[in-house]
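Open the model in your viewer and set the display to cartoon, with side chains available on selection. The tour goes stop by stop, each one a selection to make.

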Amino acid sequence: MSKVKVVLVDDHKLFRDGLQALLNDSEQIEVVDAFASAEELLQNIKSLNTDIILTDISMKNKSGIE
């Protein structure tokens with residue numbers, strides 16, 4: 001079975017790093033990248049090979065909902 005590929009987007013580094021460490025412990029999930037802002041995600045989105053993008057909904061400048 002292939003792993004679910006996840007990208008994380010959160011402006012809080014401590015939370016982003018902790019969530020990445022937690023998800024990396026799973027044999028079914030692979031965190032392929034992590035970004036500090038929606039802008040960073042949008043700059044790289046075409047090159048990402050991902051199944052799921054987890055975003056913070058209350059980030060500065062552009063929210064995860066946008």
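The stops below go through a predicted model, starting with a charged pair and ending at a surface patch.

**Stop 1: the salt bridge**

Select Lys-13 and Asp-17. Both sit in helix H1, which covers residues 13-24, and they are four residues apart, about one turn of the helix. Side chains of opposite charge can pair when their charged atoms come close. Here the closest N and O atoms of Lys-13 and Asp-17 are 2.7 Å apart, and the two residues form a salt bridge. A search of the whole structure finds one salt bridge. Lys-13 counts as exposed because its relative accessibility is 52%, and exposed means over 50%. Asp-17 has a relative accessible area of 32%, so Asp-17 is partly exposed.

**Stop 2: Arg-16**

Stay in helix H1 and select Arg-16. Which side chain of opposite charge is nearest to Arg-16? That side chain is Asp-17, 4.6 Å away; Arg-16 is buried yet has no salt bridge. The 4.6 Å distance does not qualify because a salt bridge needs the side-chain nitrogen within 4 Å of the carboxyl oxygen. Now show the backbone of Asp-10: its oxygen lies 2.5 Å from a polar atom of the Arg-16 side chain. Leaving aside neighbours within four places in sequence, the residues in contact with Arg-16 are Leu-8, Asp-10, Asp-11, Ala-34, Phe-35 and Ala-36.

**Stop 3: Asp-10**

Move to Asp-10, in the loop between strand E1 (4-9) and H1. Asp-10 is also buried without a salt bridge. For Asp-10, the nearest side chain of opposite charge is that of Arg-16, at 5.6 Å. With neighbours up to four places away in sequence set aside, Asp-10 is in contact with Phe-15, Arg-16, Phe-35, Ala-36, Asp-56 and Met-59.

**Stop 4: Ala-38**

Select Ala-38 in helix H2, residues 38-44. Is Ala-38 buried or exposed? Ala-38 counts as buried because its relative accessibility is 8%. Add Ser-58 to the selection: the two residues are 20 apart along the chain, and their C-alpha atoms are separated by 10 Å.

**Stop 5: Asn-49**

Go on to the loop between H2 and E3 and pick Asn-49. With a relative accessible area of 52%, Asn-49 is exposed. Which residues does Asn-49 contact, leaving aside its neighbours within four places in sequence? They are Lys-5 and Val-32. Draw a C-alpha to C-alpha distance from Asn-49 to Lys-5; the viewer should give 7.4 Å, for a pair 44 residues apart in sequence.

**Stop 6: Ile-29**

Select Ile-29, in strand E2 (residues 29-35). Ile-29 is partly exposed, at 22% relative accessible area. Not counting residues up to four places away in sequence, Ile-29 touches Lys-3, Val-4, Val-6 and Leu-23. Asp-51 is 22 residues from Ile-29 in sequence, with 10 Å between the C-alpha atoms.

**Stop 7: the nonpolar patch**

Finish with a surface display and select Val-4, Ile-52 and Leu-54. These three form a nonpolar patch on the surface and together have about 210 Å² of accessible area. Leu-54 belongs to strand E3, residues 52-55. Its relative accessible area is 38%, so Leu-54 is partly exposed. Val-4, a member of this patch, is also one of the residues touched by Ile-29 at the previous stop.

Technical notes: Residues numbered from 1 in each chain as written. Predicted model: local features only at pLDDT ≥ 70, side-chain atom pairs only at ≥ 80, totals over all residues. Heavy atoms only, no water. Patch = residues over 30% accessible without salt bridge, like charges linked within 9 Å, V, L, I, M, F, W, Y side chains within 5 Å. Areas by Shrake-Rupley, 256 points an atom, 1.4 Å probe, with all protein chains shown as cover. Helix = DSSP H or I, 4+ residues; strand = E, 2+ residues; numbered from the N terminus. Buried < 20%, exposed > 50% of the residue type's maximum accessible area, 1.4 Å probe, protein only. Lys, Arg positive; Asp, Glu negative; His and termini not counted. Polar contact = N/O pair within 3.5 Å; in protein donor to acceptor, adjacent residues only side chain to side chain. Contact = heavy atoms within 4.5 Å.
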